[in-house]
Amino acid sequence: MTKDIKIKSVRKKIASLDKRKARGGWLFVLPFIIGFALIYLPIVVDSIYYTFCNVKIGGATEFAKGEMFVNYKAVFTGSDFVETLIKGLTNMLFEIPMILMFSLFMAVLLNQKMAGRAAFRAIFFIPVILSTGIMETIGQSDILLETMEGAEGGVEGGASEESSSSQIVSSMDVENLFANMSVGQGLVEYVAQAINNIYDIANRSGVQMLIFLSGLQSISPAIYESVQIDGASAWETFWKITFPMISPMILVNAIYTIIDSFTAGSNVVMRYIDQYKAESSEINGEIIASAMAWVYFLIVLAIVGIFAAIFSAFVFYQKKD
């Protein structure tokens with residue numbers, strides 16, 4: 001009888017502790033909720049409303065009663081949005097595996113015991129800080145300047161030479177490296193593209209690397225000690241222990257990378273929408289651009305949902321009793 005009473009009291013303490021943590025969590029996000037409800041939510045509602053409106057000659061807007069989806073039809077028929085979207089999705093399919101593999105590789109290295117480990121972690125996270133706010137704006141301005149200079153060089157016939165010389169390796173170099181292996185041309189081009197984009201990949205891997213590091217450090221050392229006693233090699237330990245244990249972090253990083261790739265300022269779809277809004281000669285140009293943004297948002301949401309639904313079935317969650 002006394003044992004049951006003790007068990008019930010312990011459960012009540014745990015439940016009350018969970019409730020206090022939940023209240024603390026809501027208190028922590030309360031400023032964001034208030035700011036979103038008062039500032040961002042009205043803007044979002046107005047943006048959705050304007051996509052179903054038409055602009056009159058005087059600049060006033062009216063709800064398109066007869067043709068509610070006329071602006072959405074213009075997105076798919078009167079612009080190059082679909083072609084740009086396909087290009088953006090293709091770039092995403094190439095970039096996300098590169099970023100995940102690089103960040104996981106660096107996290108495994110930085111998780112080893114070595115001198116200056118904290119300094120190396122800070123060095124790899126510095127690009128994340130520099131790629132935000134005004135630094136990102138300056139970087140994009142430099143990219144636009146380089147693009148304009150490259151276009152001017154193309155008129156004189158020197159753009160192709162400059163673009164080829166700026167590459168670290170070419171497909172021919174990788175093909176010569178894998179000459180004695182049965183490697184397809186598609187994989188060769190993928191590896192060459194990854195090497196040539198290593199700077200951008202490293203810049204976008206800082207957050208993912210920290211998440212992987214937290215996952216690696218949460219694995220109990222007793223598990224590694226037990227597999228070492230059983231005689232498992234480092235390769236077997238990684239694939240049988242480390243990789244399954246950090247699979248939840250892989251899912252989180254994949255979703256984060258997808259959203260970050262879709263919303264980056266250098267994304268081709270984002271740049272196309274901004275350019276269409278700025279250069280459109282149509283009266284409803286800004287409204288059509290808003291419709292493009294919402295179509296893009298729904299596509300991103302669908303991709304994230306499908307990816308999470310498929311890959312969550314392969315995620316290993318450790319049971320803690």
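Start by selecting tryptophan 239 and phenylalanine 243: both lie in helix α12, 4 residues apart, about one turn of the helix. Helices here are DSSP runs of H or I with at least four residues, strands are runs of E with at least two, and both are numbered from the N terminus. You are looking at a predicted model, in which local features need pLDDT of at least 70 and side-chain atom pairs count only at pLDDT 80 or more, while totals for chains, interfaces and linings use all residues. Residues are numbered from 1 along each chain as its sequence is written, and side-chain values use heavy atoms, with hydrogens and water left out.

**Stop 1: the rings of α12**

Show the side chains of your two residues. The ring centres of tryptophan 239 and phenylalanine 243 are 5.1 Å apart and their planes stand at 45°, so this pair is tilted. Rings of Phe, Tyr and Trp (its six-membered ring) pair if their centres lie within 6.5 Å; planes under 30 degrees apart count as stacked, over 60 as edge-to-face and the rest as tilted.

Are these two residues buried, partly exposed or exposed? Tryptophan 239 is partly exposed, with a relative accessible area of 39%, and phenylalanine 243 is partly exposed as well, at 30%. Buried means under 20% relative accessible area, exposed means over 50%, and partly exposed is in between (1.4 Å probe, protein chains only).

Now add phenylalanine 238. With phenylalanine 243 it forms a tilted pair, 6.3 Å centre to centre and with 55° between the planes. Add Trp235 too, and you have the whole aromatic cluster: Trp235, Phe238, Trp239 and Phe243. The structure holds 11 aromatic pairs.

**Stop 2: threonine 237**

Stay in α12, which covers residues 234-245, and pick threonine 237. Threonine 237 is buried, with a relative accessible area of 11%. What does threonine 237 contact, leaving aside its neighbours within four places in sequence? Select Tyr224, Val227, Ala232 and Thr242 to see these partners. Contact means heavy atoms within 4.5 Å.

**Stop 3: a salt-bridge network**

Next, select Glu95, Arg204 and Asp260, which are linked in a network of salt bridges. A salt bridge is a side-chain nitrogen of Lys or Arg within 4 Å of a carboxyl oxygen of Asp or Glu. The structure holds 2 of them.

Look at glutamate 95 and arginine 204, whose side chains meet at 3.1 Å, N to O. This pair links distant parts of the chain: glutamate 95 sits in helix α3 (residues 81-110), and arginine 204 in the loop between α9 (198-203) and α10, 109 residues apart.

Then follow arginine 204 to aspartate 260, where the N to O distance is 3.9 Å. Aspartate 260 belongs to helix α13 (residues 247-263), and 56 residues separate the two partners along the chain.

Which of the three is buried? Arginine 204 counts as buried, at 17% relative accessibility. Glutamate 95 is partly exposed at 25%, and aspartate 260 is partly exposed at 26%.

**Stop 4: helix α10**

Select residues 206-217, the 12 residues of helix α10. At 1.5 Å a residue they should span 16 Å, and the end C-alpha atoms are 17 Å apart, which agrees. The expected span is 1.5 Å times one less than the number of residues. Colour Gly206, Gln208, Met209, Phe212, Leu213, Gly215 and Leu216 to see the buried residues of α10.

**Stop 5: the two faces of α2**

Move to helix α2 (residues 70-77) and colour its buried residues, Asn71, Tyr72, Ala74 and Val75. They cover an arc of only 155° around the axis, which puts them on the same side of α2. The arc is that of the directions from the helix axis to the C-beta atoms. Turn to the face away from that buried side, and you find the exposed residues Lys73 and Thr77.

Also in α2 is valine 70, partly exposed at 26% relative accessibility. Draw a line from its C-alpha atom to that of cysteine 53: the two are 8.7 Å apart, with their positions 17 residues apart along the chain.

**Last stop: the whole chain**

Zoom out to take in 15 helices and 2 strands. Of the 321 residues, 26% count as buried. Among contacts between residues at least 6 apart in sequence, 67% join residues at least 24 apart.
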